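Welcome, and please keep the viewer open while you read. This short report walks through a DNA contact, a helix and a pocket.

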Amino acid sequence: MHARLTREFFRRDPVAVARALLGQRLVRVLHGQRLAGLIVETEAYLGIPDKAAHTYNGRRTPRNASMWGDGGHAYVYFTYGLHHCCNVVCGRAEEPVAVLLRALEPTEGLDVMRRHRKAHMPDTNLCSGPAKLAQALAIDRKLDGADLVAGDTLFLERTRSRCVAASRIVASPRIGVDYAGEWAARPLRFHLRDHPHISRA
DNA sequence: CCCGTGATTTAT
DNA sequence: TAAATCACGGGG
């Protein structure tokens, strides 16, 4: 059996978690079948002071409630009227910080993922964006709040490599947050250098 | 590049 | 009421 990432892994600041998640495996169990991929792109959202975060200025709504819970749970939200995105809640309860999962290199269940994604496309495009990976892995609001440590439908496995070399990680501004003033430019997006499955170069 | 899509939150 | 949003796919 593959080892899971532990609760304490997630109970840290989101920048540390965003970096440490690169190379780890996201697993979705659907109808008894594993759909999985290696995480190659993430973004850290720093909570109350972060103008780009859903919990900026202490916002607490039905949508973002799970961000206020303990680390190691999922925060899945619906946006633009048609897309889901999957975050990993970090820190501890009442510390509303998270990491957005932005891209995977799919490794298990690719046939099912291709079926979930509508259009025909090369495999490098299957999970190369936050809404794409959610669609490929059938992640929606029903999984909001799911326990990523003890649950059995959505979880994270520690890969053999444990972590990737810091020199292989590129930090850059987050995508789609130009409205966020000084927070828009901060290097809180992380991805594996030159990886073919990232959402954009 | 622009456009349509359209749930949810926040501002007006 | 109305505008804005942690996107995507398809068409110029």
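The notes below take these three topics in turn.

This is a predicted model, in which local features need pLDDT of at least 70, side-chain atom pairs count only at pLDDT 80 or more, and totals for chains, interfaces and linings use all residues. Residues are numbered from 1 along each chain as its sequence is written, chains are lettered from A and ligands numbered from 1 in the order in which they are written, and side-chain values use heavy atoms, without hydrogens and water.

Around DNA strand B you will find Arg59, Thr61, Pro62, Arg63, Phe78, Gly81 and Leu82 (near means a heavy atom within 4 Å). Sugar or phosphate supplies 84% of the strand B atoms within 4 Å of the protein, and bases the rest. At Arg63, a backbone N or O atom lies 3.0 Å from a phosphate oxygen of DNA strand B.

Now to helix H2 (residues 14-21), where Pro14, Val17, Ala18, Ala20 and Leu21 are buried (under 20% relative accessible area, 1.4 Å probe, protein chains only). Asp13 caps the N-terminal end of H2, with a side-chain oxygen 3.0 Å from the backbone nitrogen of Val15. Just after H2, Gly23 has a positive phi of about 90°.

The largest pocket holds about 480 Å³ of space. Of its 23 lining residues, Tyr45, Tyr77, Tyr80, Leu100 and Ile175 lie nearest the centre.

Here are the residue classes of the two surfaces.

| Surface | Nonpolar | Polar | Charged |
|---|---|---|---|
| Near DNA strand B | 3 residues | 2 residues | 2 residues |
| Lining of the largest pocket | 15 residues | 5 residues | 3 residues |

Methods: Polar contact = N/O pair within 3.5 Å; in protein donor to acceptor, adjacent residues only side chain to side chain. Nonpolar A, V, L, I, M, F, W, Y, C, P; charged D, E, K, R; others polar. Buried < 20%, exposed > 50% of the residue type's maximum accessible area, 1.4 Å probe, protein only. Helix = DSSP H or I, 4+ residues; strand = E, 2+ residues; numbered from the N terminus. 1 Å grid on protein atoms, 1.4 Å probe; cavity = no way out; pocket = protein on both sides within 12 Å on 5 of 7 lines; lining within 4 Å. Points joined across faces, edges and corners; volume = space filled by probe spheres on them.
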